[in-house]
Each structure stands twice: as C-alpha cells, then as structure tokens.
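Biologist: Could you take me closely through one part of this model, namely the pockets, and tell me what lines them?

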Amino acid sequence: MKQTKPWVIANWKMNPVNQAEVLSLLSSLTNQLADDDIAILPNILLSPSFIHLTMVKDALKTCEKIGLSAQNLCGENADKGAFTGEISASQLQDLGVEAVIIGHSERRQYFAEDNACLVKKIDNAFKHGLTVIFCIGETKSQYESQQTQSVLAEQLVILQSFQQKLVKDSNQAKLVIAYEPVWAIGTGLTPTLDEIASVHTFIHEQLQSLQIDAPIVYGGSVNAKNASDLSKIELVDGVLVGGASLVATDFYQIIQAFGGSTV
Ligand code: PGA
C-alpha cells in the first residue's frame with residue numbers, strides 16, 4: 001500500500017500533430033474514466049504542448065479527474081514582457097495549469113538546459129504555485145560505467161536552493177521527482193525492477209538528507225504491460241509516460257495499474 005496518492009503523468013511532448021487528434025484522444029480517455037471513482041484514481045496530469053493547453057483545459061472543464069501540466073516555462077524572472085516565444089509561469093497559472101515538467105532530458109539535451117537554467121525555472125514555477133515535476137536521469141554510458149548515483153546526486157543538488165520551501169510539512173511548494181533513465185526514454189528498454197527499486201531508494205535517501213519529502217515517479221518506456229509491476233515497487237509513487245500516453249487505451253490501463261493504491 002502506497003503512503004500517498006500515486007501520480008500518473010502524461011507527457012505528450014510535441015504531439016499530437018493536430019487539434020482533431022487532441023480532441024479524439026481526450027474524448028476516448030475521458031469516456032474510459034467516466035465510471036471510475038475519483039477517490040481511488042491516482043493524480044492524473046496531462047501535459048499537452050503549449051498550443052493545445054487552452055483547448056485541453058476547455059475540454060476538461062467538467063472532468064475533475066484530470067489536471068493539467070505544462071512541459072516547460074520561461075526561466076526569466078518576469079511575468080510578462082519582451083521574451084519572444086516564451087511562456088511565463090504567471091501565464092500558466094492564469095490558465096489553470098497546475099504543474100510543469102522541468103529538467104526533462106530532451107530539454108537538457110536539445111536546448112542545453114543546465115542546472116543554472118533549471119534553478120530559475122523551478123523558482124518561477126514555485127513562485128506561481130505550480131507543482132514542479134523535476135526530471136533526472138543518467139545516460140546509457142553513465143549507466144554502463146555505474147555513474148548513475150553520482151549523476152543523480154549532481155542533478156538533485158539544485159534542490160538545495162529550495163530546501164526551505166520544500167522542507168517536510170512546510171507546504172510552500174510542491175515537487176514530484178521523475179526518475180527517467182535517458183536510455184529508457186522512447187526506446188522500449190527499461191532498467192530491471194530491482195534496479196528501479198534501488199535507484200528510487202537512493203533518490204529517497206538523497207531527498208531525506210535535504211529534509212525534502214517528495215513523491216518519486218519512474219519514467220522511460222512505461223507501457224500498459226509493465227505498469228502493474230512498476231506500481232508494486234514500494235518507492236515508485238507513479239509514472240511519467242510519453243509514447244503510451246498518446247494511446248488512450250494504453251494510458252487508461254496504466255492509470256488502472258496505479259488506481260487502487262491509495263491509503
Ligand atoms: P516514453 O517517454 O514513455 O516514451 O519513454 C517518457 C518521457 O520522456 O517522459
């Protein structure tokens with residue numbers, strides 16, 4: 001039995017390619033969830049691309065079972081202004097977005113987001129009451145050379161800046177850690193269940209040493225088949241799902257795998 005309500009978070013990335021597909025994905029998902037009791041469902045978040053946030057928000061107006069997350073936000077310390085192409089935490093908050101993914105490996109890799117940049121983004125998110133889904137994970141070569149723990153420790157270090165806000169029971173900021181081995185993202189490969197359990201234990205210990213209490217979800221090739229096994233790992237408090245979240249039946253099965261685990 002999990003201590004906290006689990007999280008099942010969809011990361012749609014730069015998908016779907018058009019609005020019709022967004023609406024069709026949403027309607028099959030909400031239809032499937034229609035008869036589920038909200039009390040036993042996990043915290044479900046969808047993270048559409050910015051351009052689809054408003055329409056997803058509108059489509060979910062009457063559905064309390066699903067919340068909304070963004071995939072990114074502006075790191076500059078501004079609610080508005082001359083930052084072409086950026087979206088501020090304030091704008092997200094105004095739209096009713098409740099969370100934001102920060103530090104995803106694709107942002108680190110393709111958009112050169114480093115610790116300094118991530119600190120600024122986390123700071124903005126917390127200032128506007130957004131839950132931060134903070135992604136960490138090692139590359140294949142780091143995994144093979146047994147550097148996983150040192151890499152994760154280095155990525156977690158930036159949380160020191162937010163220790164006061166995140167300290168147990170302070171309720172000043174909300175954080176979810178997503179452990180996503182880079183080599184497992186979109187590849188169909190995953191660490192073994194034992195490896196995932198041991199990495200989550202390591203992350204948990206790191207957080208404890210900072211006196212931070214945050215759920216730790218796993219991400220990387222989560223699918224309808226492996227979700228149930230993942231849900232049984234003690235310190236796996238949910239999942240962050242890419243590819244499988246674009247198929248309503250698969251995502252629904254993943255939700256179900258974490259559905260009965262509340263206190
Ligand atoms: P995946 O992506 O489920 O397609 O592996 C996960 C992620 O990048 O968050």
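Modeller: In this predicted model, let us begin with the second largest pocket, whose lining is made up of 15 residues, and K13, M14, Q71, R107 and F111 are the ones that lie nearest its centre. The space in this second largest pocket comes to about 430 Å³. Two helices stand out in its lining, since α2, which runs over 50-59, and α4, which runs over 105-110, each supply at least two residues. Of the elements that contribute, α4 gives the most to this lining, with three residues. Sorted by class, the lining of the second largest pocket holds seven nonpolar residues, five polar ones and three charged ones.

With that picture in mind, we can turn to the largest pocket, which has a volume of about 800 Å³. Its lining consists of 30 residues, and those that lie nearest the centre are T4, L175, D213, A214 and P215. Here three elements, α8 (163-166), β6 (175-179) and α9 (193-209), each supply at least two residues of the lining, and α9 gives the most, with three residues. By class, the lining of the largest pocket is composed of 13 nonpolar, eight polar and nine charged residues.

To follow this on the structure, you might find α4 for the second largest pocket, where this helix gives the most to the lining, and then α9 for the largest pocket, where α9 has that role.

Note on methods: Residues numbered from 1 in each chain as written. Predicted model: local features only at pLDDT ≥ 70, side-chain atom pairs only at ≥ 80, totals over all residues. Heavy atoms only, no water. 1 Å grid on protein atoms, 1.4 Å probe; cavity = no way out; pocket = protein on both sides within 12 Å on 5 of 7 lines; lining within 4 Å. Points joined across faces, edges and corners; volume = space filled by probe spheres on them. Helix = DSSP H or I, 4+ residues; strand = E, 2+ residues; numbered from the N terminus. Nonpolar A, V, L, I, M, F, W, Y, C, P; charged D, E, K, R; others polar.
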